[in-house]
Amino acid sequence: MKQENNDNGSMVDHLLNLQQSDPNYYTDEIIKGLMLVLILAGTDTTSVTIEWAMSNLLNHPEVLKKAQAEIDTEIGQENLIDEPDVSKLKYLQSIILEAQRLHPALPLLLPYVPSTDCTIGGYDVPGGAIVLVNAWPIHRDPQSWDDPTSFKPERFENDDSQSHKIMPFGLGRRACPGSGLAQRVMGLTLGSLIQCFEWERVDGKEINMTEGMGSTMPKAHPLEALCKARPIVNRAFFSN
Ligand code: HEM
């Protein structure tokens, strides 16, 4: 890999700089491995969640309208949404939480292996056993949620405690280290799609929400939708 001082602020730049001070640890192989893990763990999970969120929005036009109104009020139609704006968009964040509640991208999280015998929820678990946490039914438990199978972002609005009842990124010290990045990317992407386009279902037909098979939980039927550019697209991309 390149050996001169790299300082453009990207993660690869930092790793290549570390390679110069500690070449035995930061080998090319370690750097490539790190980048590969981040791409594998971070791309499908994020895009699949955005696809579930958009599908839910298309099946709930009143929610989509409310999200668009929030963006138009907070950001307007003059400037494109930017990363720092996402923290102001509480309803957009509630939509993402609700999409993750109903359709966690990794419903079984990652396998855990306790190093010693232990007791989990009253069950004796021998050390070395593989333990899977199934977040899917936990997120739809009728004892924890009213109307658990319905898409209602309002349940997260004005009540921060609700978001602690879901675990789309796992919990504890092996929880997803990319959750902050994922939340920002999902907020910015979904926010941009809502700010820039009017969305409609094809032929008005309900979006099929059947779950498919895969390591990240995909839609059985990939989302298809119609979109029409809003005025901001012309303003931002085509005017001088
Ligand atoms: C919506 C997007 C994402 C979801 C739903 C998600 C979900 C998860 C889950 C459930 C785990 C296992 C946690 C556990 O078992 O307790 C995990 C682990 C991990 N995630 Fe994510 N993730 C997302 C995005 C990302 C991104 C953007 C990155 C990095 C760029 C990333 C990197 C990782 C890594 C490296 C691990 C393994 C951590 C370890 O074993 O200590 N993830 N993720």
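Let's start with Cys176: the UniProt record, an unreviewed entry, places the feature "binding site" at this residue. What you have in front of you is a predicted model, so let's see what the atoms around that cysteine look like.

Which protein atom serves as donor to the iron of the ligand? It is SG of Cys176, at 2.3 Å, and the protein supplies that single donor. If you want to find the residue on screen, go to the loop between helix 5 (135–139) and helix 6 (179–196). And is Cys176 buried, partly exposed or exposed? Its relative accessibility is 33%, so it counts as partly exposed, since that class lies between 20% and 50%.

Now let's widen the view to the rest of the ligand's surroundings. There are 25 residues around the ligand, and those that come nearest are Leu110, Tyr112, Pro168, Arg174 and Cys176. Three of these pair up with ligand oxygens, so have a look at each in turn. Tyr112 places a polar side-chain atom 2.3 Å from an oxygen atom of the ligand. For Arg174 there is also a polar side-chain atom, here 2.7 Å from a ligand oxygen. Leu110 takes part through its backbone: an N or O atom there lies 3.3 Å from an oxygen atom of the ligand.

Let's leave the ligand and turn to the core. In general, nonpolar side chains in soluble globular proteins tend to be buried together. Here, the largest nonpolar core has 25 residues, and the members touching the most others are Leu57, Ile95, Leu190 and Ile194. Which elements give two or more residues to this core? They are helix 2 (28–59), helix 3 (61–74), helix 4 (90–102) and helix 6. Helix 4 gives the most, with six residues.

Ile95 is a nice one to click on. Beyond its neighbours within four places in sequence, Ile95 is in contact with Leu57, Val63, Ala67, Phe151, Pro153 and Leu190. Two of those partners, Leu57 and Leu190, you'll remember from the list of core members that touch the most others.

Finally, let's zoom out to the whole protein. The secondary structure comes to seven helices and four strands, and from the N terminus the order is α-α-α-α-β-β-α-α-β-β-α. Of the protein's 240 residues, 35% are buried. Among contacts with a separation of 6 or more, 66% come from residues 24 or more positions apart. The C-alpha atoms fill a box of roughly 55 × 55 × 35 Å along the principal axes.

Note on methods. Residues are numbered from 1 along each chain as its sequence is written. This is a predicted model: local features need pLDDT of at least 70, side-chain atom pairs count only at pLDDT 80 or more; totals for chains, interfaces and linings use all residues. Side-chain values use heavy atoms; hydrogens and water are left out. Donors are N, O and S atoms within 2.8 Å of the metal (3.2 Å for Na, K and Ca); water is not among the atoms, so sites may look incomplete. A nonpolar core is a set of buried Ala, Val, Leu, Ile, Met, Phe, Trp, Tyr and Cys residues joined through side-chain atoms within 4.5 Å. Buried means under 20% relative accessible area, exposed over 50%, partly exposed in between (1.4 Å probe, protein chains only). Contact means heavy atoms within 4.5 Å. UniProt positions are given in the numbering used here, feature names are shortened, and annotations may be inferred rather than shown by experiment. A residue is near a molecule or strand if one of its heavy atoms lies within 4 Å of it. A polar contact is a pair of N or O atoms within 3.5 Å; within protein, one must be able to donate a hydrogen and the other to accept it, and residues adjacent in sequence count only if both atoms are side-chain atoms.
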